[in-house]
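Student: I'm new to this one. Can we walk through a few spots together, step by step?

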Amino acid sequence: MTKEITFKCKCGDIELRIQGKMTHINCHCHSCVASVKCVEAKEGFDGISGLDHDGAAFTLVRGTNVEYPTDMSTDEAHSKIGFVKVGEKGPHPRCYCTKCHTFVGAVAPSFVLLNRNALFNEDGSKFVAEGPVQNIMKKHAFDPSKVPEPSSSTAPFGLMMTFFPLIMGFGKKKGAKNAAFFPEDMAKVEVVPITWE
């Protein structure tokens with residue numbers, strides 16, 4: 001029997017259930033870290049932090065292994081989810097809860113990248129990844145000397161090969177089940193300024 005893990009923001013407005021294989025990483029790239037920090041700098045932040053060892057704490061899972069307990073295609077669902085993108089032309093939206101400002105992650109038809117710190121076991125206890133979590137994108141970190149081991153300068157080849165087919169589907173059209181996790185107009189998405197170039 002596969003255990004079910006629940007993603008839940010602090011206020012409970014956003015909840016997802018996931019099963020199956022999960023890959024856990026801390027991404028230290030400028031874009032991921034800046035996106036999380038932008039959301040957590042919002043006035044009234046009362047969410048679950050999306051950072052671990054100064055990297056974005058992510059769990060990557062296939063989109064087909066995610067269940068949306070509530071109808072995410074309604075106007076009410078859309079109002080609960082805010083978006084940020086890196087730079088004016090940023091192609092990949094990241095989402096967060098508009099009430100508590102818990103960073104959710106990125107949702108695509110083929111994969112879901114979730115804030116690992118907001119995952120809970122079936123009994124309600126906090127989920128903890130088994131074994132060490134890989135710290136990736138060290139060479140793109142704001143301070144590479146602070147990235148703990150185990151680390152890699154980029155995304156490890158095995159990780160890339162496991163999820164390459166999923167990531168290639170990132171920009172494909174949204175499905176009805178997860179429609180709220182896609183902005184209606186990328187031009188209106190809040191911009192995280194690029195301050196590191």
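**A few unusual spots**

Tutor: Sure, and keep in mind that this is a predicted model. Let's start with H53, found in the loop between β4 and β5 (55–62).

Student: What is phi of H53 near?

Tutor: As a backdrop, most residues other than glycine have a negative phi. H53 is a residue other than glycine, yet its phi is positive. The value is near 55°.

Student: Is H53 buried, partly exposed or exposed?

Tutor: Buried means under 20% relative accessible area and exposed means over 50%. H53 has a relative accessible area of 48%, so it falls in between and is partly exposed.

Student: And H101, is that buried or exposed?

Tutor: H101 is in the loop between β8 (94–97) and β9 (103–107), and its phi is positive too, near 70°. Its relative accessibility is 10%, which is under the 20% cut-off, so H101 counts as buried.

Student: Which residues is K42 in contact with, leaving aside its neighbours within four places in sequence?

Tutor: K42 lies in the loop between α1 (30–40) and β4 (51–52). At 18% relative accessibility, it counts as buried. With those sequence neighbours left aside, its contacts are Y96, H101 and E190.

Student: Which residue does a cis peptide bond join to E149?

Tutor: Most peptide bonds are trans. Here, omega is about -5° and the bond is cis. The partner sits in the loop between β12 (134–136) and α3 (157–167), and the residue joined to E149 is P150.

Key: Residues are numbered from 1 along each chain as its sequence is written. This is a predicted model: local features need pLDDT of at least 70, side-chain atom pairs count only at pLDDT 80 or more; totals for chains, interfaces and linings use all residues. Side-chain values use heavy atoms; hydrogens and water are left out. Helices (H or I, at least four residues) and strands (E, at least two) are DSSP runs, numbered from the N terminus. Buried means under 20% relative accessible area, exposed over 50%, partly exposed in between (1.4 Å probe, protein chains only). Contact means heavy atoms within 4.5 Å.
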